[in-house]
2 protein chains.
Amino acid sequence: MPRKTYHHGDLKNALIRSGAKVLAKEGVSGFSLRKVAKHAGVSHAAPYAHFADKQALIAAISTEGFKRLYESMDAAIEPFADQPLCQLVATAWAYVQFALHDMDQFKITFSGALEREKDYPAFVEISQQAFRRVVTVVEACQKADILRAGPSDLLAVAIWGELHGFVSLLTEGQISHTVLDQYSLQEMLIFMLDQFTLVRIPKNILPKDS
Amino acid sequence: MPRKTYHHGDLKNALIRSGAKVLAKEGVSGFSLRKVAKHAGVSHAAPYAHFADKQALIAAISTEGFKRLYESMDAAIEPFADQPLCQLVATAWAYVQFALHDMDQFKITFSGALEREKDYPAFVEISQQAFRRVVTVVEACQKADILRAGPSDLLAVAIWGELHGFVSLLTEGQISHTVLDQYSLQEMLIFMLDQFTLVRIPKNILPKDS
DNA sequence: GCTGAATCTTGACAGTGTCAAGATTGTGGC
DNA sequence: GCCACAATCTTGACACTGTCAAGATTCAGC
């Protein structure tokens with residue numbers, strides 16, 4: 001179905017959306033600008049009015065994903081001022097929820113599809129912002145004797161990396177059935193976080209359903 | 001320089017080596033079968049005698065990387081029979097050393113360049129073998145009350161993920177100078193592992209130099 | 001309503017993955 | 001030693017890709 005107007009109107013964002021779909025369906029190796037352009041209903045060179053090259057579009061898609069992740073982490077923390085442990089658990093829960101519910105976007109964002117990240121300031125900015133958010137929570141927990149003293153950035157990346165490994169195992173179906181039958185997602189997550197905390201995390205700190 | 005013989009003799013392994021070099025130099029997006037073939041001194045379609053397609057060559061390169069990682073982890077564990085804590089630290093140290101010294105291969109192996117991993121049994125086999133090796137060490141530590149009780153595969157992926165995040169931070173130069181000036185690599189690693197262990201890890205458990 | 005800028009299309013080019021056909025060489029059986 | 005067959009490698013072709021240049025169309029400010 002050809003467009004009515006010569007100008008698209010919102011092609012930039014349409015390309016980001018179409019690009020995310022193509023990337024999710026075809027994978028990084030099957031991803032092409034021409035497919036994205038066709039999916040958005042424009043000619044094959046139209047994207048060059050909005051993106052310098054293919055990597056720039058991938059950067060925009062990844063940046064969008066990181067922004068959504070940051071916002072959901074931020075929203076999860078917000079209700080728990082002065083409750084560092086709740087903040088920690090809520091942040092982790094938001095991360096896991098994002099990975100499981102927005103799985104395509106999550107995979108794209110962390111797939112390594114974006115190369116030379118440093119060339120894309122918006123991506124660097126939002127990724128550092130998200131990381132700093134975790135560092136802040138970690139430092140609050142350290143002050144409250146919930147996490148051990150020590151370099152907060154190391155501790156933050158430890159927790160982040162742990163969660164990332166966890167959701168990778170989950171989404172690839174690599175967790176043994178004996179574990180899956182015995183524990184809920186919430187219980188597994190609390191087990192993961194409980195490794196770090198100096199106090200034991202209450203089992204009912206998370207809502208039963210997602 | 002053209003070869004003397006029509007047959008190469010060991011083209012398959014030569015392509016794996018050339019491929020790793022091209023992948024390290026050009027990145028995933030700049031990686032092409034034709035460049036690899038040229039680098040190995042053969043015609044552009046010669047690789048198809050040894051690999052079904054581009055992904056199959058990438059799979060072979062990634063598999064080779066995982067094999068090297070597994071072997072160095074295995075060699076690190078070997079001297080410490082019945083010393084679970086030493087095994088844990090040595091495994092982690094081997095992982096970090098591999099990431100820092102064999103950086104190109106490490107990046108390729110974990111870059112996500114290989115898609116649909118499940119289609120490549122050799123890769124699945126060696127990656128699971130490496131993971132099971134960590135699980136074994138974790139279970140030994142649990143028996144010795146060095147790590148908490150609980151699902152050993154979750155604990156293994158927690159530690160693996162933590163280490164992965166750690167080396168990512170290291171190789172991207174994202175660790176603050178205040179931390180870098182204050183702690184050695186060994187001390188940072190022990191800090192990371194110390195989060196998980198029920199006993200404090202002796203500072204001198206690792207050799208001073210790499 | 002005129003003009004320059006923004007947006008989009010068309011056409012072209014070198015590079016790409018992949019396959020088919022053919023050339024060259026190794027290998028097992030006699 | 002020789003023959004047939006399989007393995008290996010080259011050449012040539014095809015559709016598809018990223019990217020750029022030139023032109024068409026529309027928008028925005030005066």
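Biologist: What makes you say that the copies meet through the same surface?

Modeller: The overlap of the two sides. This is a predicted model. In it, 97% of the interface residues of chain B are also interface residues in chain A, so the copies meet through the same surface.

Biologist: How many residues does each chain bring to the contact?

Modeller: Chain B brings 29 residues and chain A brings 28 residues. A pair counts as a contact if the C-beta atoms lie within 7 Å. On the chain B side, α7 (152-171) and α9 (185-194) each supply at least two residues. The largest share of that side, 11 residues, comes from α7(B). By class, the side of chain B that touches chain A has 14 nonpolar, 11 polar and 4 charged residues.

Biologist: How do you know which symmetry relates the copies?

Modeller: Superpose them. A turn of 180° and a shift of 0.0 Å along the axis lay chain B on chain A, with an RMSD of 0.1 Å. The two copies are therefore related as by a two-fold rotation axis.

Biologist: Why is B:Pro79 called exposed?

Modeller: Count its neighbours. B:Pro79 has 10 other C-beta atoms within 10 Å. The cut-off for exposed is 12 or fewer, so B:Pro79 is exposed.

Biologist: Where does B:Pro79 lie?

Modeller: In the loop between α3 (54-77) and α4 (84-101) of chain B. B:Pro79 is 11 residues from B:Ala90 in sequence, and their C-alpha atoms are 9.6 Å apart in space.

Biologist: Now the core. Which residues of the largest nonpolar core touch the most other members?

Modeller: A:Ala92, A:Leu163, B:Ala92 and B:Leu163, out of 123 residues in that core. Leave out residues up to four places away in sequence, and A:Leu163 touches A:Ala92, A:Tyr95, A:Val96 and A:Met192.

Biologist: On to the DNA. Which residues come nearest to strand D?

Modeller: A:Tyr6, A:Asp53, B:His8, B:Ser43 and B:Ala45, of the 22 residues around DNA strand D. Helix α2 (residues 33-40) of chain A gives the most to this surface, with 3 residues. The surface divides into 10 nonpolar, 8 polar and 4 charged residues.

Biologist: And which residues are the closest to DNA strand C?

Modeller: A:His8, A:Ser43, A:Ala45, B:Tyr6 and B:Asp53, among 22 residues that surround DNA strand C. Here helix α2 (residues 33-40) of chain B supplies the largest share, 3 residues.

Biologist: How do the residues of the surface near DNA strand C divide by class?

Modeller: Into 10 nonpolar, 8 polar and 4 charged.

Definitions and conventions: Residues are numbered from 1 along each chain as its sequence is written. Chains are lettered from A and ligands numbered from 1 in the order in which they are written. This is a predicted model: local features need pLDDT of at least 70, side-chain atom pairs count only at pLDDT 80 or more; totals for chains, interfaces and linings use all residues. A residue is near a molecule or strand if its C-beta atom, placed from the backbone, lies within 6 Å of it. Helices (H or I, at least four residues) and strands (E, at least two) are DSSP runs, numbered from the N terminus. Ala, Val, Leu, Ile, Met, Phe, Trp, Tyr, Cys and Pro count as nonpolar, Asp, Glu, Lys and Arg as charged, and the others, Gly among them, as polar. A residue is buried if 20 or more other C-beta atoms lie within 10 Å of its own, exposed if 12 or fewer, and partly exposed in between; C-beta atoms are placed from the backbone. A nonpolar core is a set of buried Ala, Val, Leu, Ile, Met, Phe, Trp, Tyr and Cys residues joined through C-beta atoms within 7 Å. Two residues are in contact if their C-beta atoms, placed from the backbone, lie within 7 Å. Copies are superposed by least squares on the C-alpha atoms of residues with pLDDT of at least 70 in both.
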